[in-house]
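Q: I have a sequence and a model in front of me, and I would like to learn how to read its features one at a time. Could you take me through them?

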Amino acid sequence: MLKVLALTVLAALPAAAAEDLRGTGDLGLIVEREAGSLLVVDRSERAAIGRIEGLGDLSHASLVYSPDERFAYVFGRDGGLTKVDILTRAIVRRVVQGGNSIGGAISDDGRLIAVANYEPGGVKVFDAETLDLVADVPMGSKTVGIADVPGSRFAVATWDTGEVWILDHSQDPAQPVITRLEGIGANPYDALLTGDGRTYIVGLFGEKGLTAIDLWQDPPQVTRFLPDYGKNQPDLPVYKMPHLQGWTLADGVFALPAVGLHQLLWVDAEGLTEIARTDLAGQPVFALARPDKREVWVNFAPPDNDKVQVVDVLTQQVTDTLTPGKGVLHMEFAPRGREVWLSVRDENRVEIRDTRSREVLGEIEARAPSGIFFTDRAHRTGL
């Protein structure tokens with residue numbers, strides 16, 4: 001009887017058209033910074049399948065995905081936090097929560113969205129379902145480098161005061177337990193969390209060197225390292241700061257883009273000691289490891305942002321220099337590393353290349369594209 005009833009109910013439901021059925025695992029979003037829009041793309045088709053408009057100022061936009069990969073949370077330069085549905089290609093809700101936000105993160109359970117703000121500073125935390133405000137944590141400083149830490153926690157650095165704050169929302173999301181770490185260094189400008197959630201690395205603009213924080217220790221252990229890198233070399237003009245979420249850990253070694261130098265720094269991840277340097281064609285911005293960690297791909301600040309260089313992880317040598325076009329702002333690898341997608345902003349297109357043959361496999365028209373974000377990010381800590 002129950003089986004017959006269930007079959008009757010199913011038969012009564014309208015059949016979805018085949019073209020309406022689409023998985024999320026093959027999808028991604030490309031930021032069209034000047035237009036304030038997102039281009040929805042399908043990796044297998046190497047094609048755009050739609051556009052979401054009305055997201056405000058996306059000149060320094062980033063985004064994170066919900067655990068089911070259906071929703072993206074977009075952090076705009078105008079302080080806008082926008083939840084979008086990539087299947088219906090529509091805005092679900094948008095709030096302007098600050099004057100200038102620089103990035104955000106989603107908790108490991110997918111329930112909280114944290115936004116780091118320049119104005120008014122501090123961090124605001126929102127309910128991922130409704131975008132209602134859950135917690136407001138003033139810090140008396142611009143905040144940068146926010147990352148999700150396992151256990152419903154967030155880590156963030158403060159530009160003005162040189163601290164790192166760890167916000168633990170596991171017991172009461174509205175009243176996080178706060179751990180403040182002082183003496184991080186002058187003017188942290190960005191940070192990176194390793195994929196295992198253990199090491200939070202902070203880049204410093206106000207002084208030489210970097211700071212690593214071991215989050216597995218109780219209390220967290222702070223270590224300053226590379227205090228002398230570039231000390232005896234003249235600083236070059238910094239046309240664009242390296243993005244530290246573009247740093248990479250491969251084969252037990254960090255590959256770090258140097259600030260004010262045309263070099264990639266190689267640092268032993270365990271001892272935090274420098275082991276090599278690679279001379280590059282320009283000032284590095286992103287240094288991204290191919291998913292198999294065999295190579296690091298680097299793009300550059302102006303005037304060298306028409307180039308991408310490929311560096312061998314074993315030899316630390318440049319093996320290839322590519323020239324995709326003017327204004328290569330970002331790169332994103334397919335989850336298994338077979339392809340790399342490159343945003344070529346000044347030529348209004350995204351270029352797709354085979355990562356081994358370097359052959360151009362396709363192009364997609366886009367309006368001044370910048371960040372490229374595939375949905376596999378939903379399952380990676382620190383992104």
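A: What follows is a short dialogue about backbone angles, strands and aromatic rings, and you should keep in mind throughout that this is a predicted model.

Q: Which peptide bonds are cis, with omega near 5 degrees?

A: The general idea to start from is that most peptide bonds are trans. In this model, the bond from D218 to P219 is cis, with omega near 5 degrees, and the bond from P302 to P303 is also cis, with omega near 5 degrees. As for their places, P219 lies in the loop between β18 (210–214) and β19 (221–225), while P303 lies in the loop between β25 (295–300) and β26 (308–312).

Q: What is the phi of L131, and what is the phi of K293?

A: Here the background is that most residues other than glycine have a negative phi. L131, although not a glycine, has a positive phi of about 65 degrees, and K293, also a residue other than glycine, has a positive phi near 70 degrees. L131 is found in the loop between β10 (123–127) and β11 (133–137), whereas K293 is found in the loop between β24 (284–289) and β25.

Q: Is L131 buried or exposed?

A: The quantity to look at is the relative accessible area, and a residue under 20% counts as buried. L131 has a relative accessibility of 2%, so L131 counts as buried. K293, with a relative accessible area of 36%, is partly exposed, because that value falls between the 20% limit for buried and the 50% limit for exposed.

Q: How many strands does the open sheet have, and in what order do they come?

A: To read a sheet, one follows the strands from one edge to the other. This open sheet has 4 strands in the order β3-β2-β1-β32, and the pairing is antiparallel. The edge strands, each of which pairs on one side only, are β3 (47–52) and β32 (369–374), and from one strand to the next the twist averages 25 degrees. Within the sheet, β1 (residues 27–32) and β32 run antiparallel and are joined by 4 bridges, with I30 having I372 as its bridge partner in β32.

Q: Which residues of β26 point one way, and which point the other way?

A: In β26, V308, V310 and D312 point one way, Q309 and V311 point the other way, and all are buried. β26 pairs with β25 in the antiparallel sense over 5 bridges, and there V296 stands opposite V311. β26 is also joined by 4 bridges to β27 (residues 318–322), again running antiparallel, and the bridge partner of V308 in β27 is L322. β26 and β27 form a hairpin with 5 residues between them, and Q316 in the turn has a positive phi of about 60 degrees.

Q: How are the rings of W341 and F374 placed?

A: A pair of aromatic rings is described by the distance of the centres and the angle of the planes. The model has 3 aromatic pairs. In the pair of W341 and F374, the ring centres are 5.2 Å apart and the planes stand at 90 degrees, so this pair is edge-to-face. W341 lies in β29 (residues 339–344) and F374 in β32, so the pair ties together parts that are 33 residues apart in sequence. Both W341 and F374 are buried.

Q: Which residue lies over the face of F374?

A: R43 lies over that face, at 5.6 Å from the ring centre of F374. Elsewhere, K83 lies over the face of F71, at 4.6 Å from the ring centre.

Methods
Residues numbered from 1 in each chain as written. Predicted model: local features only at pLDDT ≥ 70, side-chain atom pairs only at ≥ 80, totals over all residues. Heavy atoms only, no water. Helix = DSSP H or I, 4+ residues; strand = E, 2+ residues; numbered from the N terminus. Buried < 20%, exposed > 50% of the residue type's maximum accessible area, 1.4 Å probe, protein only. Pairing = 2+ DSSP bridges. Axes fitted to C-alpha atoms, helices over the stretch in contact; angles between N-to-C directions. Phe/Tyr/Trp six-rings, centres within 6.5 Å; stacked < 30°, edge-to-face > 60°. Lys NZ or Arg CZ within 6 Å of the ring centre and 35° of its normal.
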